[in-house]
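Please open the structure in the viewer and keep the selection panel at hand. The tour proceeds from one selection to the next.

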Amino acid sequence: MASSRSLVLAVLFSIMSCYATVPSLASSDGFLKCLSAAIPKELLYTQSSPSFTSVLVSSIRNPRLFTPTTVRPLVIVTPTNASHVQAAVVCGRQNDVRIRVRSGGHDYEGLSFRSVRPEVFAVVDLANLRSVSVDKKTATAWVDSGATLGELYYAISKASNQLAFPAGLCPTVGVGGHFSGGGFGMLLRKYGVAIDNVLDATLVDAKGRLLDKQAMGADVFWAIRGGGGESFGIVLSWKVKLVPVPPTVTMFSVPKSVNEGAVDILTKWQEVAPALPDDLFIRVVIQKQVADFQSMYLGTCDTLLPLMSSRFPELGFNRSHCKEMSWIQSVPYIYLDSTATVEDILNRTTSLDTFNKATSDYVRQAIPKDVWVQIFAWLAKPNAGLMITDPYGGKISSIPESATAFPHRGGVLFNIQYMNFWSAATDGSAQTKWLKDFYAFMGPYVSKNPRQAYVNYRDLDLGENVVVGNVTSYQAGKVWGEKYYKGNFQRLAMAKGEVDPSDYFRNEQSIPPLAASK
C-alpha cells in the first residue's frame, strides 16, 4: 500500500510540472479522489464524516469564529508525514482547491480553518505532526509545527533544567502559527522573539516540494520567520537554538489599584521597564481599575530585591512577592495559576465557552499621566475589556528591523494587546464596539505612519485582501500589511512572488505576490 501511494505521489508531481500552463477543470470530487489515492482514508474527514465536526472544533479557541454560517472546509486532512502534506498541496493545485493550514488553532480570526467569504477549500491540520527532538549537547531542537508551545517547553525541560526557548506564554498555542508571526514571551528582552532563534526549517511549497533552508533560499527563509502563516507554503518543522537559563528564576505578581497609585506607577513603568537589565521582564495586565505587574527575573529573589529597590521603588516590591521556581515551573504559574503543575501545560483541550475579539498597538513615546487616567476611565465602562502591555528593550530591540520579517524592534517602548470577552448570552456587539472605540481613542498615543500591529494578534478590521484576476492585489494588501510588517512588506511580497507567484496559498490577510523588477 505504501509503495502504491508513493507511485501515486510521483505521478501527481509529474502532473504538477506542467500545471502552470494547464489550468485544471477538475471538480471537488476530483480533489477528494486524488487525496484518497495518496493519503490513508482514516486521515481524511469530509463533511459527510461522522467525525468531521469534532475534528474541526478540536482546536477552535473562539466560538465567534464557529457559527452556523461559518464557511467550512470541504475536507480536513490530518497528515502523519510530509508526503501526505505534499499530496494535499499537489491535489489541491491540480483541482483548484486551496488549502488552509492549522497548527494550534489560535489564529485570532480563525483563518486557519475558515474562510470569511464563500470558497471551496481544504484544511491541513498538523495536530499529528507534533514531535520534538532535543539535542542537549548542541543546545538545539527540531520541533514540528503541530506541537504546542507547552509540548516544546516540556520536552526541553526533560532534557535539561537549564535550557529554555523564548516564545509565548500560552502553552496551547501551536508552534507553526506562533513562529510564523514572530512569537514573543517573557524572555523577549533577554533572547528576542522565537524566530530570532530559528536555525532551519522544512517547507512544503506550492509545487509540493519539500525544502530545507538551503533549498528554499535566503529570501523565503527570511520570509517564513515573521511573515505570517500560510503565505509561502506549509512549514512542517523548525530547528531552533535553545537558550540558557539559571536553575532558579523568580516570578512575581503585584496588583495595584487606581486607589493604590496605579496611574503613577504605570507612568513610571513605561519608562523603566524597557531600560531594565535584560534578565528582568515586567509586563502589566490592566483590567477594570487594577494594573497587575507580572514579572520573570532570571535569578534569585536575593538579587532581584536590590535591583527593584534601586530601579523601580514605586512598585513597592518586597520579599513576600517573590516566587522562586525553575523556568519550566514558571510556564504554568504565569499562564494557568499557582496550583497548576508542569504536566498541565501538555493539555491541548479547548473550550468554546468564551467569545473574544482582539487588536494591538505599539507605543514609541511615553503615554502622559493624564491619558492613563482616561485609560482607566475607559476600562471602567460597561462591557469593557482589558489591555496587556509587554515591554521591549534588550535583545528584541537590538536587532535591525530588516533582519527578520518581524519588524517591531528599536524605538518601541512596549506592545499593547487589547481584548474583550463575552458569553453566548449576548451577541458581542457592545463588547466589540467598546474595543473599536477604545482603539480609536488610543490613536494619538501610539505609533503612526504606519500604526503598527502584531500579526499574531490578527485583526481583520485592519483590512482584508482584494483579489484581482485571481491574484491578491499588492496595493490593497499594503493597507493592512504595512501595519504588521512596516517596510518589510514589500520584501515579503517579492518573496511570495518567488515561491508562490500564482498565489495558491491565500487567505484574507496572506502576503500578495509581487514580481521582481526586470
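A residue counts as buried when its relative accessible area is under 20%, and as exposed when that value is over 50%. The model on display is a predicted one.

**First stop: a buried arginine**

Select Arg458 first. Its relative accessibility is 8%, so Arg458 falls in the buried class. Now add Asp107 to the selection: the two side chains form a salt bridge, with 3.3 Å from N to O. This pair joins distant parts of the chain, 351 residues apart. Arg458 lies in the loop between helix H15 (429-442) and strand S19 (467-468), while Asp107 lies in the loop between strand S3 (98-102) and strand S4 (121-125).

**Second stop: Lys357 and Asp461**

Next, select Lys357 and Asp461, whose side chains meet in a salt bridge at 3.6 Å, N to O. Here too the partners come from distant parts of the chain: Lys357 belongs to strand S16 and Asp461 to the loop between H15 and S19, 104 residues apart. Is each partner buried or exposed? Lys357 has a relative accessible area of 7% and is therefore buried, whereas Asp461, at 63%, is exposed.

Extend the selection to Arg64, Glu109, Arg114 and Asp459; together with Lys357 and Asp461, these residues are linked in a network of salt bridges.

**Third stop: Arg506 and Asp503**

Move to Arg506 and Asp503, which form a salt bridge of 3.3 Å, N to O. Both of these residues are buried. Across the model, the count of salt bridges comes to 25.

**Fourth stop: the seven-stranded sheet**

Return to strand S16 and display the sheet that contains it. The sheet is open and has seven strands in the order S15-S12-S14-S13-S17-S18-S16, paired in the antiparallel sense. Its edges are strand S15 (323-325) and strand S16 (355-363), each of which pairs on one side only. From one strand to the next, the twist averages 20 degrees.

Within the sheet, select strand S13 (residues 280-287) and strand S17 (residues 386-391), an antiparallel pair joined over four bridges. Which residue of S17 is the bridge partner of Val284? That partner is Thr389.

**Last stop: helix H13**

Finally, select helix H13 (residues 369-379), which packs on the sheet. The helix touches S13, strand S14 (290-297), S17 and strand S18 (414-422). Viewed against S17, the direction of H13 makes an angle of about 140 degrees with that of the strand.

Technical notes: Residues are numbered from 1 along each chain as its sequence is written. This is a predicted model: local features need pLDDT of at least 70, side-chain atom pairs count only at pLDDT 80 or more; totals for chains, interfaces and linings use all residues. Side-chain values use heavy atoms; hydrogens and water are left out. Two strands pair if DSSP finds at least two bridges between them. Helices (H or I, at least four residues) and strands (E, at least two) are DSSP runs, numbered from the N terminus. Axes are lines fitted to C-alpha atoms, for helices over the stretch in contact, and angles run from 0 to 180 degrees between N-to-C directions. Contact means heavy atoms within 4.5 Å. A salt bridge is a side-chain nitrogen of Lys or Arg within 4 Å of a carboxyl oxygen of Asp or Glu. Buried means under 20% relative accessible area, exposed over 50%, partly exposed in between (1.4 Å probe, protein chains only).
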